[in-house]
Structures are given as C-alpha cells and as structure tokens.
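Let's take a walk through this structure, one region after another. Have the model open beside you and follow along.

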Amino acid sequence: MKCFLGAALACAAAVLLAACKSDAAFQKEATWPIPKHGAVVSEHPLATRAGLDVLNRGGNAADAAVATALALAVAYPQAGNLGGGGFALFVAHTGVASAIDFRETAPAAAAVARFLGSNGELVSARAVRGPLSVAVPGSPAGLYELFREHGSGRFSLADLARPAIELATRGFTVDGWLARDLSDLNVRARMNSAALALFYPGGKPLAEGALLRQPELATTLALYANAGPSAFYRGRIADLVVAELAAARVPESTETGAGWITSSDLASYRAIPRTPLRGWFRGMEIVAMPPPSSGGVMLLQVLGMLEGLPLDAEREHARAAHALEPSEPRDDPGLSDRMVHWWIEAQRRAFADRAAHLGDPDLVNVPLTELLAHAWIAERRVSIGEVAEPAVAPWAPVRESMQTTHLSVLDAQGNAVSLTTTLNSRFGSGILVRGAGFLLNNEIDDFAIAPNAPNQFGLVGAAANALQPGKRPLSTMTPTVVRDGGHANTTVIGSMGGPRILSSVAQVLLRIFVLEEVPERAIRAPRFHQQWNPLPTSFERGFDPALVAALAGRRGHPVDESSETFGSVQLIHLAEPGAQPAAISDPRRGGAGAVQGKPMSTPAVPPP
Ligand code: DON
C-alpha cells in the first residue's frame, strides 16, 4: 500500500513537473501582431491633427485620445466638451482592457417633482433646456483618469492640452458644419446670453470662414491642464458653474436653477473604473462598454442573436440570386430583405430589454448575467420568425437636434482607445458658463423621468432608469474594440446618434464581418434604425427601395423613410493583424482620419 502511494505521489510529481515545464514554454514573452502605424479618427480635422501629433511625438493611444478630446472641446462645441461626459475603453495590445465611466451624474437635489407642471403633468422641456437639464459634468475627471491610468508617462496633462489651449486662444476657422448647426433655430433658442454672445456675434450665427476665439475657455483649459480635475470641480470654475445655473430660468416656471447643482455635487464627482463587457462574434472578441451605457449590452445581444442564424448561407443565396438576375445593385448584393429583417428583429429585442432593465448599476440591480446569458440570447433568436413582430403602439418622436462625438485611436504598439463623449443635445443645454467659457450638458433627459414617457430620442424606460440623486442616466454610447481571435486590436469603433449609435455601430460591424464589405463602403452604406418603441423601422435615404418594399410587404415591417442621417461612425480597421490601418471618418459629417506617415483624409462638406 505504502509502495503504491509512493509510486502514485512520484507519478503526480512527474506530471506536475511536466506541466510546469510546458507552462514555462508558454510563459515566453508573448508576441502580438502590431499595426504598422498608429491612427486617429475624430469628427474634426483639427482634433485629429492634435492626436496625430501626439502619436508622432511618441505618445500612446491614451495620450493621443486625451489631446484629441480636449481639442474637440474647443473646435467642435456641438458635442466636444468639458461640461459633458462619456465613456472610454482602453484596450492594451495584450488584451488587458479597462473602461472609464465619466457619465454625468444627477445632483443631490434631483427630484421628479421639479419636472412636473402645476397639474402634475411632465414638462419635458425642463429636461432638455434650462438649468434642470444639466447633470454634474464628467469629462474633466474622465479624461484625467485616461491620462493618469493609461498614458505613456512621456507627457504631462499640460502637454496634451496645449493644442486645445492654442486653438481656443488663437482661434480657428469655423467650418461649414459648425456654421450649419448654428443656423438651426432650435439650437439658438436653447442658448443663454453668454452662448449667444460667443456664437452669434452681432446677433448673427458665426458663418463658415469666421474666426472663433474662446479666451475664457482657454483660461479654463489652462487651469485644468496645470492642476488637473480639482481646478474644475473645486474653486473658481465650480463657483462659476453653480452661479450660472442659479441665474438660469426653469422653462415654463418662475423658478431658477438655484441649488440644482451645488459645490458639493461638483466636489464629489468621480470617474468610475468599470470592467468592460466581453463577447464573441464569429471568432472575434468584442470588448464593449458596460452600464450605465446600454450600448455594449445591446451590441453583444444583437451580435449574439445573429451569430446563430445562417448569415453566410443567406448572403450567398442573395448573391447567387443577384448573379442570376444581374442589375445595378442599389446596395450590397449579399444584403437580402431576410437578412435586414433579422438585423431589425434582433435590435428590437435588445431595445426592449434596455427599456425594461437597464440603468445605473451602482443604484439599481441590472441583471447583466441574465441579459447576456446564452440561453436568453438563444431564446430571443428562436423567437425571430419570417415576419416582423412589433409589440407596441407607435409613437412619433420629436426631432430635436442632437450631437455626440466619438474618437478612435490605435497606436503603433497596438493599444486602442475608443471614446464617446457628449453634451447630449447639440451644444447641450445651451448654457455657457460665464467667465469659464464652456457649455453645460442636458443629460438629465436621458433619465426616464416619468415611466413610459418618451424622451427627446423617443426612448422609454422604467424604474431602472428613473431619476434619482447621484444616479447616472442610461446611455446608448457604444465605444467598442474588436480583437482578432482575441489576439490583436483590429477594429476601434463608435459613433454619435443617440439610440442610433447602436444601429450605426452594429450595422458597420455586420457589413464588414458578414457582408465582407471594405470599411469605406460599410461606413458609407445607408442605415436603418429600430428601437422597439416607437414601432416603425426608419430608413436613411438611399436605402434600396426594393429592399424596403420587401420588408414592408412580405416581412410585415412598419417602415418610415427619414430625411436625417443616422450616426457618424469613426472607425479604425486593420484588415489583418499587423497590417496598415485604415482610419475612416463617416462622410455624413466633417471629421477626418489620419494614419502616421500618410496624408489626413479630406473632410466632407455639409450638403447644400
Ligand atoms: O448617452 C446617450 O445615449 C445620449 N445622451 C447620446 C446623445 C447623442 O448621441 C446625440 N447625438 N448625436
């Protein structure tokens, strides 16, 4: 017996040793394919330039993303910001991934009663303009975290803020996009007198070609650059924010915003590190943002539902049918009405879960495990039949001007940053902080202030996203990084567009990875949007009319053609690990992509 035990132990030791030896072989420094050059893409060429210069001077993706985001706060005031918030993913080339939640937060005084009129009815204007629409800003804290946690250490915050400060001090030439946005009467109506003085000198919107100087913003940026977030959240700038809101009038009321955001709300703001969501789609690892954004959950649900459907067979069938009856295709010949029907139905189901279950995970119980469980996703998948299954009555959303902005960076070592930031509506609440030169967000509208009352995007929600002090409103921002088999960052993607962010990101990924389109084509292709409520699926102009007719006819989808464009995707894509990246800014807007050593792409001009 003793002898047997001894032999067994010796045997176990031998097995362990062998295991250790083979482990040692695996512990050799892993080599990861890296891109040939780094790349930056954003919605303004001056911001892309700021990021590219940082990469060229030896900065990494986090350094470049911070410089780009701060430059957007100056050159792209529609959405770039200090007074807003957002989400950032940093995915190191080794696959170690972190997420920073710098979403704006409801102040301690937040109460639904402030949004109700004298008869108890919801005054939805209060959530989109005026002081009550403003939530405690997150960007100064979030960008600092990105710099401190993930920056290369070769730059100070002041180095990264320098291009933004120069743009604000010397001024920059207003492009056609900013001029067009300022000529929108809804935008003008939301702005306070300080914002009007800056953007409408002499009572007229700044025209294309005008020089926009922002000396107060330059001072704010300089204070932040030298002292970090405490310069924003405490002291003079914080006092100016509190005073600005105290002076602002609440729409349809005699009240002001006094006491809405206090010094203590600002002093207690923190960017929160989160664990990114991870999923798989056709052998690629998808790294995505967890709540309080709904974007990652919905993207993984949509891709998960679709993964189990015969996408390749359907694409080949559609291509073969097209080859038999060749005509000038209006869209990809692999995109059948059945394929689009599947994409719509998957998205409808994801948005239904969003409305019922998603909210700030620090204050409500978000059933993430259940929502992302294979069994639930499979159940959802098998419930997709051959025709549309709309579940709710239609509601027509009010079209408000909107703006968010996304930037993607991939450095030459293969580290990726995917960062989406927003003021919510275009130019946010329109409240410019006098003496500090920046606009405040109107993110309070992203809460479900009253159950099932649609917000400016037509989104409905339940208790999970009810307004509560200290809570972060649910978002659809979907910064995402795709890794080739989990081994290298090959796609860095995100978009603006409210709920259409999810449609834009999902459809560009599906076109690249299922329809095998080149990225330029996948981005240019027309998009559809479905968000469960309202019921119809909207189509951008240019969507193949035969396809829309087939969806409306044999697939039973309520459809709706929109005159708007959906999203603005900022994409960096490597055709294969180690290749030269492509940096593509959506031609729906005026952004630019740049790859190190190559000329920057030419921005699109606004349609006449
Ligand atoms: O977080 C969200 O989902 C919204 N606040 C985003 C707003 C937006 O994308 C507006 N437009 N492009």
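**A guided tour**

Ala62 touches Phe90, Leu146, His150, Gly151 and Val417, leaving aside residues up to four places away in sequence. Keep in mind as you look that this is a predicted model. You'll find Ala62 in helix α3. Is Ala62 buried or exposed? With a relative accessibility of 0%, Ala62 counts as buried, because the cut-off for that is under 20%. Glu145 sits 83 residues from Ala62 in sequence, yet their C-alpha atoms are 9.8 Å apart in space.

Now move along to helix α10, which covers residues 215–227. Here's a quick sanity check you can do by hand. Count 1.5 Å a residue and the 13 residues of α10 should span 18 Å. The C-alpha atoms at the two ends of α10 are 18 Å apart, so the expected span and the model agree.

Which residues of α10 are buried? They are Leu217, Ala218, Thr220, Leu221, Tyr224 and Ala225. Look down the axis of α10 and you'll see these buried residues fall within an arc of 165°, which means they line one face of the helix. Swing round to the other side of α10, and there Pro215 and Asn226 are exposed.

So what covers the buried residues of α10? The cover includes α3 (61–75), α5 (139–150), α6 (157–170), α11 (230–233) and α12 (236–247). Two of these names tie in with other stops on the tour: α3 is the helix that holds Ala62, and α6 is where Thr169 is found. Just past the end of α10 comes Gly228, with a positive phi near 80°.

Stay with Thr169 for a moment. Leaving out residues up to four places away in sequence, Thr169 touches Arg213 and Ala218. Ala218 is one of the buried residues of α10, but Thr169 itself is partly exposed, because its relative accessible area is 45%, which falls between the 20% and 50% cut-offs. Glu216 is 47 residues away from Thr169 along the chain, and the two C-alpha atoms are separated by 8.7 Å.

Next, let's look for empty space inside the protein. Rolling a probe the size of a water molecule over the atoms shows where such space is left. How many cavities of 30 Å³ or more turn up? The count comes to six. The largest cavity has a volume of about 140 Å³. Its lining is made up of 19 residues, and those nearest the centre of the largest cavity are Asn424, Asp446, Phe457, Thr476 and Gly498. Two elements, β9 (402–410) and β10 (416–425), give two or more residues to that lining. β9 gives the most, with three residues. By class, the lining of the largest cavity divides into seven nonpolar, eight polar and four charged residues.

The second largest cavity comes in at about 90 Å³. It is lined by 14 residues, of which Ala73, Gly80, Gly437, Phe438 and Leu439 are closest to its centre. What classes of residue make up the lining of the second largest cavity? There are 10 nonpolar and four polar residues, with no charged ones.

On to some details of the backbone. Two peptide bonds are worth a look here. The bond from Pro291 to Pro292 is cis, with omega near 15°, and Pro292 is found in the loop between β8 (284–288) and α14 (295–307). The bond from Asn533 to Pro534 is also cis, with omega near 0°. To find Pro534, go to the loop between β13 (528–529) and β14 (537–539).

Two residues that aren't glycine have a positive phi: Phe427, near 60°, and Asn452, at about 65°. Where does Phe427 sit? Its place is in the loop between β10 and β11 (480–483), and Asn452 is found in the loop between β10 and β11 too. Their surroundings are another matter. Phe427 counts as buried, because its relative accessibility is 1%, whereas Asn452 has a relative accessible area of 57% and is therefore exposed.

Note on methods:
Residues numbered from 1 in each chain as written. Predicted model: local features only at pLDDT ≥ 70, side-chain atom pairs only at ≥ 80, totals over all residues. Heavy atoms only, no water. Helix = DSSP H or I, 4+ residues; strand = E, 2+ residues; numbered from the N terminus. Expected span 1.5 Å × (residues − 1). Buried < 20%, exposed > 50% of the residue type's maximum accessible area, 1.4 Å probe, protein only. Arc of directions from axis to C-beta. Contact = heavy atoms within 4.5 Å. 1 Å grid on protein atoms, 1.4 Å probe; cavity = no way out; pocket = protein on both sides within 12 Å on 5 of 7 lines; lining within 4 Å. Points joined across faces, edges and corners; volume = space filled by probe spheres on them. Nonpolar A, V, L, I, M, F, W, Y, C, P; charged D, E, K, R; others polar.
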